[in-house]
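The following dialogue takes a learner through the reading of a protein model. Each turn of the teacher proceeds from a general idea to the case at hand.

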Amino acid sequence: MTQKVAVLGTGKIGEALLSGMIRAGWSPADLLVTARRRERAEELRTRYGVTPVTNAEAAKTADTLILTVKPQDMGTLLAELAPHVPADRLVISGAAGIPTAYFEERLAPDTPVVRVMTNTPALVDEAMSVISAGTHATADHLAHTEEIFGAVGKTLRVPESQQDACTALSGSGPAYFFYLVEAMTDAGILLGLPRDKAHDLIVQSAIGAATMLRDSGEHPVKLRENVTSPAGTTINAIRELENHGVRAALIAALEAARDRSRALASGSNS
C-alpha cells in the first residue's frame with residue numbers, strides 16, 4: 001500500500017480508523033493525521049507512528065483525505081483546504097447529513113468525493129460503514145474507500161439518496177441498542193437481580209442473538225418464533241411490548257433520526 005492517506009480531525013472514530021488500517025497492513029509511514037490540539041497530534045504520533053501535519057500540508061501531500069470533523073465544523077475545514085486540494089485527490093467525508101454536492105461546490109471542479117456513514121463499533125472493528133459515490137467518484141474510488149473502512153468492520157454501497165435512512169438505522173443504531181440494554185437492566189433490577197448480573201445476562205444474550213441473526217440466515221421473525229412457546233413467558237412479554245406500541249415507537253424514532261439527518265444537510269440547527 002503506497003498511497004498516502006490523511007485523517008483530518010482525528011477524534012475517536014478517526015483514531016479507530018487509523019488503528020484498524022495499521023492492523024490491516026497499512027504502513028504508519030503512509031498515514032498522516034491532523035488534530036485541533038498539538039498535544040493530541042503528538043499523542044497519535046507516539047501511539048501509532050503516524051505523521052502529524054497541518055490541514056494544508058495534508059491536502060498537498062496525501063492521495064486520500066478523510067474528513068472526520070463534526071458537521072458544524074466542515075465549512076471551516078473546507079475553506080481552509082480548498083486552495084490546496086488538487087482535483088485528483090479523493091475526498092472522503094464521514095460527516096452525518098452533509099451531501100457530496102456540498103463538497104463538490106467548495107473544492108476544485110471534478111474532485112472525487114465519497115460519503116461514508118460509519119458508527120462507533122469501529123472502535124472494536126465491528127463497524128457498519130455505508131458508502132456512496134459523489135458525481136466524480138469512480139468504481140476505483142469506491143473500492144479504495146471500502147479497503148480503508150473494511151479495516152474496521154463491514155461496508156455497504158448505497159445510492160446517496162439512501163444515506164439519511166442509513167444514518168437513522170446504522171449510524172445512530174448502536175445508541176438504540178445501548179438504550180434497550182439500559183432499560184432491560186433496570187427491569188432485571190426490578191425483578192430482583194443485582195445490576196452486574198442483569199447486565200451480564202443481557203449483554204451475552206444480545207451477543208448471542210446478533211450472532212444468530214448474522215450467521216443463521218434465518219428471518220428474525222423465525223428466530224423469535226423459535227423462542228416463543230404457546231402460552232409461555234416470551235409471548236406474554238411480546239404482548240406487552242405490542243400493547244405499549246414499542247414497534248410503532250421504534251419506527252417513529254428512526255423517522256425522526258432520518259428527518260434530522262435531512263435537516264443537517266439543509267443547514268438547519270433547530
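**Reading the sheet, the salt bridges and the surface**

Q: In which sense do strand E1 and E2 pair, and over how many bridges?

A: Strands of a sheet pair through backbone hydrogen bonds, either parallel or antiparallel. Here strand E1 (residues 5-8) and E2 pair in the parallel sense, over four bridges. One residue pair locates the register: valine 5 has leucine 31 in E2 as its bridge partner. The model is a predicted one.

Q: Which helix makes a β-α-β unit with E1 and E2, and what is the handedness of the unit?

A: The helix is H1 (residues 12-23), and together with E1 and E2 it makes a right-handed β-α-β unit. A further right-handed unit of this kind is made by E2, helix H2 (residues 38-48) and E3. E2 and strand E3 (residues 51-52) run parallel and are joined by two bridges; within this pairing, valine 33 has proline 52 as its bridge partner.

Q: Are the faces of strand E2 covered or open?

A: A residue counts as buried when its relative accessible area is under 20%. In strand E2 (residues 31-34), Leu31 and Val33 on one side are buried, as are Leu32 and Thr34 on the other, and both faces are thus covered.

Q: In what order do the eight strands form the sheet?

A: The order is E3-E2-E1-E4-E5-E6-E7-E8, in an open sheet with mixed pairing. E3 and strand E8 (153-157) stand at the edges with a single partner strand each, so one side of each has no neighbour in the sheet. At the E8 edge, strand E7 (residues 127-133) pairs with E8 in the parallel sense over five bridges, and lysine 154 in E8 is the bridge partner of methionine 128.

Q: How should one read the phi of aspartate 125?

A: Most residues other than glycine have a negative phi. Aspartate 125 is not a glycine, yet it has a positive phi of about 60 degrees. It belongs to the loop between strand E6 (113-117) and E7, and its relative accessible area of 27% makes it partly exposed. Alanine 231, also not a glycine, has a positive phi of about 60 degrees. Alanine 231 is found in the loop between helix H10 (220-227) and helix H11 (233-243), and it counts as exposed at 78% relative accessibility.

Q: How many salt bridges does the structure hold, and what does the one between glutamate 15 and arginine 47 tie together?

A: A salt bridge is assigned when a side-chain nitrogen of Lys or Arg lies within 4 Å of a carboxyl oxygen of Asp or Glu. The structure holds 19 of them. In the pair of glutamate 15 and arginine 47, the closest N and O atoms are 2.4 Å apart. Glutamate 15 is in helix H1 and arginine 47 in helix H2, so this salt bridge ties together parts that are 32 residues apart in sequence. Glutamate 15 is buried at 13% relative accessibility, whereas arginine 47 is partly exposed at 47%.

Q: Which residues are joined with glutamate 15 into one network?

A: Arginine 47 also meets glutamate 43 in a salt bridge, at 3.3 Å from N to O. These two residues are four apart in helix H2, which means a separation of about one helical turn. Through shared partners, salt bridges join Glu15, Arg40, Glu43 and Arg47 into one network. Another salt bridge links the side chains of glutamate 39 and arginine 37 at 4.0 Å, N to O; glutamate 39 is exposed, at 55% relative accessible area.

Q: Which residues form a nonpolar patch on the surface?

A: The patch consists of Leu241, Val246 and Leu250, with about 240 Å² of accessible area together. Valine 246 is located in helix H12 (residues 246-266) and is partly exposed, at 33% relative accessible area.

Q: What does the UniProt record place on this chain, and where?

A: Annotations in such a record may be inferred rather than shown by experiment. An unreviewed UniProt entry gives the annotation "domain: Pyrroline-5-carboxylate reductase dimerisation" for residues 160-263. Over that range the chain is 83% helix and 0% strand, with the end C-alpha atoms 15 Å apart. UniProt also places the feature "binding site" (unreviewed entry) at Asn55. Asparagine 55 lies in helix H3 (residues 55-61) and counts as buried, at 15% relative accessibility.

Methods:
Residues are numbered from 1 along each chain as its sequence is written. This is a predicted model: local features need pLDDT of at least 70, side-chain atom pairs count only at pLDDT 80 or more; totals for chains, interfaces and linings use all residues. Side-chain values use heavy atoms; hydrogens and water are left out. Patches are made of residues with over 30% relative accessible area and no salt bridge: like charges are joined within 9 Å, nonpolar side chains (Val, Leu, Ile, Met, Phe, Trp, Tyr) within 5 Å. Accessible areas come from the Shrake-Rupley method with a 1.4 Å probe; for residues, only the protein chains shown count as cover. Buried means under 20% relative accessible area, exposed over 50%, partly exposed in between (1.4 Å probe, protein chains only). Two strands pair if DSSP finds at least two bridges between them. A crossover is right-handed if, with the strands pointing away from the viewer, the path from the first strand over the helix to the second runs clockwise.
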